[in-house]
Amino acid sequence: MGKRSKIILGLLIAVLIGIIVTEIVRPRPINWSPSYTMTAKIPFGCYVLFNELTAIFPSSEIETTDRSIYDVLVERDSSKATNYILINDFIYLDEQETNQILNFVSEGNQVFIATSNLTGKLADTLNITIDQQYDIKEDSIKVSFTNKKFKHPEFYFERGVNPAYLTSIDTLNTEVLGHIHVKSSTILNNKPQEIKVRPNFIKTTFGKGNFIVNSLPVAYTNYYLLSDNIDYSSQSFSYLQDRALIWDDYKKSGRKVITSPMRFVLNQSALKWSYYLTITGLLLFVIFKAKREQRIIPVIKPLENSSVEFAKTVGSLYHQKKNYTNLNHKKITYFLTHIRNRFYVNTTVLDEKFIAQVSAKAGKSIEETKDLFELILSLKNKPLHSEQDAIILAKKINTFKQSYGR
């Protein structure tokens with residue numbers, strides 16, 4: 001390696017190390033995207049809540065699942081009373097999942113749903129409609145419990161909250177457990193906006209069990225569980241009995257499925273950039289190294305085909321000596337060899353069957369083919385050949401070959 005190559009390589013390594021160090025020490029920006037997964041430590045993840053479940057339900061056996069609701073409930077032990085927790089900003093269950101979870105609740109189990117958007121057959125069956133006012137931007141949202149015996153019946157939420165509330169419920173089978181206080185979306189005559197109290201937390205009886213639905217999923221995330229609002233989640237979970245519990249980690253906005261064996265490296269920002277830069281540096285090194293040291297590939301001329309020149313020389317020799325008999329015999333032998341190699345026919349007997357095969361494969365008429373081979377047979381039986389015989393044979397063979405190429 002020359003001096004220049006060493007300098008370039010050293011600069012690449014220095015730049016690579018500098019970028020890696022910068023990525024390691026650079027503070028990561030806060031990720032405010034909703035996740036709701038049990039492993040997410042970002043503000044709107046559910047890492048804190050999941051790890052506090054053992055304190056909220058001290059006697060419960062807690063199970064986590066990253067499979068569909070249908071698969072989980074089909075395989076579960078139906079004799080064990082169970083709570084099922086679903087928390088996400090958007091929840092949609094297909095028909096099979098809906099039928100399975102309805103059967104699950106009707107047997108006496110409970111399902112806790114925290115979402116600001118519940119759609120599909122499940123919402124239709126429970127007669128639940130959740131509305132959101134996207135046009136309202138408030139500094140804080142007030143929510144309250146109907147049970148005034150709670151330690152903190154009222155709470156305020158400031159960040160990441162869309163005012164979502166229930167506009168339709170089954171009043172015969174539903175108990176309102178909490179409300180959200182939202183401002184009206186219009187201002188009339190310069191008057192202050194009216195505060196409307198809407199239900200956002202309900203318990204709906206279905207069969208022997210209950211659906212408990214809350215329209216404020218961000219209340220159960222890390223951001224609010226590490227603040228003064230931690231009692232909101234614990235008090236809302238008090239409506240669940242202390243029994244076996246299934247935490248759903250499948251219906252989540254932040255659920256990521258990475259099948260690559262490099263998933264750990266690619267999930268770490270510093271390792272990911274170092275990996276990419278290493279590959280780029282290696283490619284650049286190979287390109288410059290190969291360009292500098294690749295040897296010139298010599299041009300090898302193909303071997304010349306001297307068969308035609310040899311045939312012309314031998315033909316001229318026979319013609320000069322006027323040995324037309326030997327010349328015609330060799331021409332016939334060469335032509336029959338050509339027929340065997342080209343059309344894969346037996347040239348031992350030049351009969352009617354042979355003529356028909358050659359005619360069909362060469363695309364020539366029977367008459368023209370028969371005329372040629374009758375000439376060949378006559379010349380084979382003729383003891384002495386003249387110059388005219390050699391000319392006629394050469395013309396007929398050349399004409400015969402022209403139809404299919406030589």
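Biologist: A crossing is left-handed if the near helix is turned anticlockwise from the far one by less than a right angle, and right-handed if clockwise. So which is the crossing of α11 and α13, left-handed or right-handed?

Modeller: The crossing of α11 and α13 is left-handed. Keep in mind that this is a predicted model.

Biologist: Noted! Which residues of α11 and α13 make the contact?

Modeller: On the α11 side you have H329, I332, F335 and L336, and α13 brings L372, F373, I376, L379 and K380. Sorted by character, the residues of this contact are seven nonpolar, one polar and one charged.

Biologist: And at what angle do the axes of α11 and α13 cross?

Modeller: Helix α11 covers residues 324-343 and helix α13 covers 366-381; their axes cross at roughly 135° and come within 10 Å. Angles from 65 to 115 degrees count as roughly perpendicular and those over 145 as roughly antiparallel, so α11 and α13 are oblique to each other.

Biologist: Let's switch to the sheet. In what order do its nine strands come?

Modeller: The order is β1-β13-β2-β4-β12-β11-β10-β7-β8, in an open sheet with mixed pairing. The edges are β1 (62-65) and β8 (154-157); each has a single partner strand, so one side of each lacks a neighbour in the sheet. On average, neighbouring strands are turned by 20° against each other, direction ignored.

Biologist: Which helix packs on that sheet?

Modeller: Helix α4, residues 95-106, packs on the sheet and touches β2 (82-87), β4 (110-114), β11 and β12 (209-214). The direction of α4 makes about 120° with that of β12.

Biologist: How many bridges are there between β10 and β11?

Modeller: Nine, with β10 (174-183) and β11 (195-206) paired in the antiparallel sense. If you want landmarks, T174 has T204 as its bridge partner in β11, and E175 stands opposite K203.

Biologist: What about β7 and β10, how many bridges join them?

Modeller: Four bridges join β7 (141-145) to β10, and these strands run antiparallel. V143, for instance, has I180 in β10 as its bridge partner.

Biologist: Changing topic: what is the sign of phi at Y36?

Modeller: Positive, near 65°. Most residues other than glycine have a negative phi. Y36 is in the loop between α1 (3-25) and α2 (47-56).

Biologist: Is Y36 buried or exposed?

Modeller: Y36 counts as buried because its relative accessibility is 2%, and the cut-off for buried is under 20%.

Biologist: Where is N127, and what is its phi?

Modeller: N127 is in the loop between α5 (121-126) and β6 (129-132). Its phi is also positive, near 55°. With 36% relative accessibility, N127 counts as partly exposed.

Biologist: Last one: how many helices and strands does the protein chain have?

Modeller: The protein chain has 14 helices and 13 strands. Of its 406 residues, 37% are buried. Taking contacts between residues at least 6 apart in sequence, 68% join residues at least 24 apart.

Notes. Residues numbered from 1 in each chain as written. Predicted model: local features only at pLDDT ≥ 70, side-chain atom pairs only at ≥ 80, totals over all residues. Heavy atoms only, no water. Helix = DSSP H or I, 4+ residues; strand = E, 2+ residues; numbered from the N terminus. Buried < 20%, exposed > 50% of the residue type's maximum accessible area, 1.4 Å probe, protein only. Pairing = 2+ DSSP bridges. Axes fitted to C-alpha atoms, helices over the stretch in contact; angles between N-to-C directions. Contact = heavy atoms within 4.5 Å. Parallel < 35°, antiparallel > 145°, perpendicular 65-115°, else oblique. Nonpolar A, V, L, I, M, F, W, Y, C, P; charged D, E, K, R; others polar.
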